[in-house]
Amino acid sequence: MAEPLKILVILGSVREGRMAEPVGNWVIEGAAARDGLACELVDLKEWDLPFYPFPKPPAAGGYTDPLQLRWAERVKSADGYILICPEYNHGIPAVLKNALDFVYAEWNRKPVAFVGYGGNGGARSIEQLTMVARELQMAPLEASVHIMGVWEKAKSGSFEPDAKDTRWIGHLYDELTWWGNALKNARDAG
Ligand SMILES: Cc1cc2nc3c(=O)[nH]c(=O)nc-3n(C[C@H](O)[C@H](O)[C@H](O)COP(=O)(O)O)c2cc1C
């Protein structure tokens, strides 16, 4: 059997009492119960990245700042990503957009899938993220989870999915595994 793909599950909220945490834990636990995906949690609260402060754009490469270099290594280490994304004012939470902006080449040619929540299941945030992912030369997947009523589902502190959430996350794992392996093989081939 092929090595499991290394997937970073990035929490798109740093807010006190955030729903991103129970949702992210549910995503990681579900992946651990099947083959093919080795997920690791990335908490942007711990990273505490400043708003992009450097003179050169990340696409120019040649990073010198120690924190940017450390973030680049973390991003580079993965074969793909799952973004846990709420919707803030019909858009991407700033902390998540900044984390995406912070490096460039390390995201390229990797798949990214989205788990959204909010009034419309995070649909508008996810739509905007797919456009950003395109510019980062990523492969944004169609397979998304749009969670409705997240506050009810996570009121115990752990996320309790409904049948639709369970079906959609299964599809997301399947697609991420397929795309992750296809793109990893292509990257390895040069
Ligand atoms: C600044 C801010 C803006 C928000 N804007 C929206 C919105 O446009 N659409 C929506 O469905 N929910 C919106 N919400 C509600 C969030 O979906 C809800 O608070 C969610 O739990 C936020 O994710 P988090 O708990 O992981 O931070 C907003 C919340 C905040 C804090």
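**Getting to know this predicted model**

Q: What share of the 190 residues in the protein is buried?
A: This is a predicted model, so let's start with how its residues are packed, using a simple cut-off: a residue is buried if 20 or more other C-beta atoms lie within 10 Å of its own. Of the 190 residues in the protein, the buried ones make up 39%.

Q: In what order do the elements of the protein run from the N terminus on?
A: There are 7 helices and 6 strands to place. Reading from the N terminus, the order is β-α-β-α-α-β-α-β-α-β-β-α-α.

Q: Why is the protein said to be as compact as a globular protein of its length?
A: For 190 residues, the globule rule gives 16 Å. The protein is as compact as a globular protein of that length because its own radius of gyration is close to that figure, at 16 Å.

Q: How far apart are the end C-alpha atoms of helix α7?
A: Helix α7 covers residues 163-189, which makes 27 residues. At 1.5 Å a residue, α7 should span 39 Å, and the distance between its end C-alpha atoms agrees: 39 Å.

Q: Which residue takes a positive phi just after α7?
A: Within α7 itself, several residues are buried, among them Y173 and W179. Just past the helix, a positive phi of about 95 degrees belongs to G190.

Q: Which residues come nearest to the ligand?
A: The shell around the ligand has 4 nonpolar, 6 polar and 3 charged residues. Of the 13 residues around the ligand, the nearest are S13, R18, P86, G118 and G119.

Key:
Residues numbered from 1 in each chain as written. Predicted model: local features only at pLDDT ≥ 70, side-chain atom pairs only at ≥ 80, totals over all residues. Helix = DSSP H or I, 4+ residues; strand = E, 2+ residues; numbered from the N terminus. Rg over C-alpha atoms; globule rule 2.2 N^0.38 Å. Buried ≥ 20, exposed ≤ 12 C-beta atoms within 10 Å, placed from the backbone. Near = placed C-beta within 6 Å. Nonpolar A, V, L, I, M, F, W, Y, C, P; charged D, E, K, R; others polar. Expected span 1.5 Å × (residues − 1).
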